[in-house]
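Visitor: Could you take me on a close look at one part of this model? Pick a place to begin and work outward from there, please.

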Amino acid sequence: MRDEQYEPLKIEKKWQQVWEDQNKFKPKPSDKQFSIVIPPPNVTGSLHMGHALEHSIIDVLVRYKRLNGFEALWVPGTDHAGIITQLLVEKELSSQGTSKELLGRDKFIDEVWKWKETSGENISNQMKTLGMSCDWSMERFTMDEGLSDAVQQVFVDLYEKDLIYKGTRMVNWDTTLMSAVSDLEVNMTSKQGKLWNLRYKVGDEHLVIATTRPETLLGDSAIAVNPNDERYKKLIGKKAIIPLVNREVPIIADEYVDIEFGSGCVKITPAHDFNDYEIGIKHSLELISCMNLDGSISNDEFIPKNLRGLDRFEARKIIIQELQKLDQVEKIDDYTNQIPIGDRSKSILEPMITEQWFVKTKDIAKDAIKAVETDEIKFIPKNWEKTYFEWMYNIQDWCISRQIWWGHRIPAWYDDNGNIYVGLSEEDVRSKNNLSNEIALIQDEDVLDTWFSSALWPFSTLGWPEDTDKLKQYYPTSLLVTGFDIIFFWVARMIMMGLHVQKEVPFQDILIHGLVRDSKGRKMSKSLGNTIDPLELSVNHGADALRFSLIEKASPGQDVPFDEEWTVAAKKFGNKIWNAAKFVHLYTDDSDDLKNDEIISKENIWILTRFNQVLNEFELLFNDYKVSDAYKVFYNFLWSDLFDWYFELSKNLITNNINKEETSYVLRSVFLKSLKILNPAMPHITEEIWSSFDETLLIDNVWPDKYKINQNDTQEVEALKNIISQIRNFKVTYGLKNSQSIELHSSTNFEDWFIMQLEVLTKCTVQKDSDIFSKEKNLVVFQHQNFKFGLVPGEYIDIEVEKKKLNKKLAELSKTLDVSKSRLDNKKFVENAKPELIQQEKKNLANVTLEIDTINETLNTLNG
RNA sequence: GGGAGAUUAGCUCAGUCUGGCAGAGCGCUACCUCGACAAGGUAGAUGUCACAAGUUCAAAUCUUGUAUCUCCCA
């Protein structure tokens, strides 16, 4: 690498190959275990920025654990994603001029499997390109054999424990999918619509009823008012006539009716509205269906001929027209409707009464709530547990049957009499129930909700229902890294299933990450055209740069407003490290790998101390899952402390033969240890650079220790840095070239190393003159604490500029002086504050006073 | 309607749990090709910490309220 430029693509491919060929992602046996299962991406898709973020976070944690001697397992895999995959393949088929109906169930499923093979491989390749260190030999798919066994086993078990039942209920129905969906798959959206105020006849009078869904009046079975509504009290118990169908329905009283809403009267349609369904049950109202499952109006018994077969929204228009003809429309108001939209199909959902399978959740939710209450499972950040509790306390039974083809077929069989038999297979069912082969059995046509199999993921991927070693070893898993958007869909259900089936939590910590947004904070979406393809970024700037830019931005729970700029900056960081490596080679390759017992030079002690401090801080943050903060701290250490300051200081030690060997050791050692710290985030570049120093692989290495040093006094080097900055500032202010040498004076002796570094780094010479400050009138002073240097300004100084500068500084210092003084004068402060703080305040006061005195002196001489 | 979060430099955000002089990156300005690095270096400017009240010796940080925005649930 010594003569090459940093070209990420070249080195990344190479090391990915090496790691994979040598099985480096397989866990190495250890007594410390760390396991994590991937949130399985939908097998249909290709990876987006959200995946890149999630995987980068997981990988940095896994690699960190690996370096720290853990037996670290990351299980990869994909999800069959029932509805969305089926829709995609259907779309593909229709572009080929065929359809799932034409193919039939079995052939269609074959088509989906073919699709899955290419798409699934695509996903793992993309992950490999980004350097994700999964154990690929453990890769799983939610529909593979083992996982299907797990699904059936759990279904049968829950059924036998009466935790799964089949029932006729009102569910959210997707009229285009022709399937039920769960409550969670419903997105409520606001839409500008109308509120129709319709007249229903009551005897010779009429009542006005406000509704957003006039077409459902065909299925009305009551009119409801609030019992406390004085306007309508006298009507309770009377009959109203439904227009168009001329059905007589009772006027009932129910607290549910909002007196303020519309006219205060509402129509009750128990077969087509969730609230009305409840009221219908409460008041024993008739369920009158007026809609087919595809959303068309039907019911030949009572529906006018011209409406039959029309889509519900077409029918609405005609119904309104006819009511207007009959003068039964009082008025039409503008109104913001809440429209339920299918999460996947995006079509308007209808509440429908159908027969479906449900999981009884109340009981299994209890343990899942307790596990989080007792901190057996921890959310990071903690506040997400409130979201979790809120949902879990109000959990509803989970509708798990879907009327689609792609998925786990429900393991239930029916005989001719409609008896239900649940078992692992038809054979199992026959033998359990003593059913002879003469009795015909038909398997349930429905498949399970995708999330049913996902809920078993943490243990099904480890081999359950087989009693595998992996399951014993890695379950419960250590950590789950996921987005807040699937806490209900997935996290809650994994906790419930994990506890119920395994009697143990599925994971200990849940690290929640945010959403990747665009740089303006908007969601990335295809319709906005602001999506970024992570693979494209990695081609342009390197996988390491992409990973680092995501990791550095991702605070737990916080959204990540992303800009390609961040990745560009991360690549520059990589380039900086690359060049730093060349520097280390250049200055240390000719020295022996000599390790001094005791480091003596101040500069070296300083960098070792800084390294220790930073490593300590890094570990504290990292172990708290503040990965982004940890790497920000480390980034600043590398660029500022190590590269900008220490590299310059070390040059002077090495080229001047001052403690050359210890400096070579320190320079090389701090750099190499830094590579290790950087490795989990930027695995490829660090491995490449490491290989130019060492024959072993960095991935096989161990996390660095802190240095054992006898002193940790960094004050003098900090003072040196401070004085150097002041002098550089002076030079810039007066337009002096960097290369121009200046002459400084000091009245006391400073150590040789200090003067040497000062002279080289600021291009100055220091003259010792014990009474320079009393003798010389016109001196510019550079001072930090008791380090004090004077400069005879000569011809290049503009006294007015200097005075302005000094006055400004004086004002700043006086302010801090006042604060310090008033604090120390304050009796209560002295009584209440911590002793260290008071000590520090006193020291501060002394320093500031010293500096103010100096500036005043200088100002006096400049004025004089 | 219920719940959660946000409001800090031009931009994107740390810092708030655990009170102690307001931070980072990017951007901006000026200068610099000096043997690791111009994908770089040096130096610099920039703030009513949303608003109001309270607690405290001390508040961006704790308490209460207000405003605006975002998300989740109904």
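Guide: Happy to! Let us begin with a small open sheet, whose three strands run in the order 19-18-20 with antiparallel pairing. Its edges are strand 19 (420-422) and strand 20 (442-443), each of which pairs on one side only. Please keep in mind throughout that this is a predicted model.

Look at how the strands meet. Strand 18, residues 412-414, is joined to strand 19 by three bridges in the antiparallel sense. To find the register, place tryptophan 413 on your screen: tyrosine 421 of strand 19 stands opposite it.

From here we can move to another open sheet, this one with four strands. The order is 6-5-14-16, again with antiparallel pairing. Strand 6 (179-181) and strand 16 (398-399) are the edge strands, and each pairs on one side only. Strand 5, which covers residues 164-174, pairs with strand 6 in the antiparallel sense over three bridges. One bridge to pick out links tryptophan 173 with its partner in strand 6, alanine 180.

Next along the way is strand 7, residues 186-202, with two pairings to look at. With strand 13 (residues 329-342) the pairing is antiparallel and runs over 13 bridges. Here asparagine 197 faces lysine 331 of strand 13. Strand 7 also pairs with strand 8, in the antiparallel sense and over seven bridges. In that pairing, tyrosine 200 has leucine 207 of strand 8 opposite. The two strands make a hairpin with two residues between them, and glycine 203 in the turn has a positive phi of about 60 degrees.

Stay with strand 8 for a moment and follow it to threonine 211, which lies in this strand, residues 205-211. Is threonine 211 buried or exposed? Threonine 211 has a relative accessibility of 7%, and the cut-off for buried is under 20%, so threonine 211 counts as buried. A polar atom of the threonine 211 side chain is 2.9 Å from the backbone nitrogen of arginine 213. Beyond its neighbours within four places in sequence, threonine 211 is in contact with Lys194, Leu195, Trp196, Leu198 and Lys267.

Now for the nonpolar interior. The largest nonpolar core has 188 residues, and Phe452 and Phe671 touch the most other members. Helix 20 is the element that gives the most to this core, with 14 residues. If you centre on phenylalanine 452 and set aside neighbours within four places in sequence, you find contacts with Val151, Val154, Phe155, Leu158, Ile164, Val359, Trp398, Ile400 and Met497. Apart from this core lies another, of 36 residues, and Tyr200, Val202, Ile242 and Cys265 are among them.

Helix 17 is worth a look for its burial too. This helix spans residues 543-553 and is mostly covered, with ten of its eleven residues buried. Charged side chains can be picked out by name here: the buried residues of helix 17 include Asp544, Arg547 and Glu552, along with Leu546, Phe548 and Ile551.

That leaves the RNA. There are 38 residues around RNA strand B, and Pro561, Lys576, Trp639, Asn826 and Asn844 come nearest. Among the atoms of RNA strand B within 4 Å of the protein, sugar and phosphate account for 56%. By class, this surface has 13 nonpolar, 13 polar and twelve charged residues.

Several close pairs deserve a zoom. Lysine 576 places a polar side-chain atom 2.5 Å from a base oxygen of RNA strand B. For glutamine 558, an N or O atom of the side chain is 2.9 Å from a phosphate oxygen of RNA strand B. Tryptophan 639 has a side-chain N or O atom 2.5 Å from a phosphate oxygen of that strand. The elements that give two or more residues to the surface near RNA strand B are helix 18 (564-588), helix 20 (627-655), helix 23 (715-733), helix 26 (799-825), helix 27 (827-832) and helix 28 (835-863). Which of them gives the most to this surface? Helix 18 does, with nine residues.

Let us finish on helix 28, where threonine 861 is found. Its C-alpha atom is 5.4 Å from the C-alpha atom of asparagine 778, although the two residues are 83 residues apart along the chain. Not counting residues up to four places away in sequence, threonine 861 touches Lys777, Asn778 and Leu779.

Conventions: Residues numbered from 1 in each chain as written. Chains lettered and ligands numbered in written order. Predicted model: local features only at pLDDT ≥ 70, side-chain atom pairs only at ≥ 80, totals over all residues. Heavy atoms only, no water. Near = heavy atom within 4 Å. Polar contact = N/O pair within 3.5 Å; in protein donor to acceptor, adjacent residues only side chain to side chain. Nonpolar A, V, L, I, M, F, W, Y, C, P; charged D, E, K, R; others polar. Buried < 20%, exposed > 50% of the residue type's maximum accessible area, 1.4 Å probe, protein only. Contact = heavy atoms within 4.5 Å. Core = buried A, V, L, I, M, F, W, Y, C linked by side-chain atoms within 4.5 Å. Pairing = 2+ DSSP bridges.
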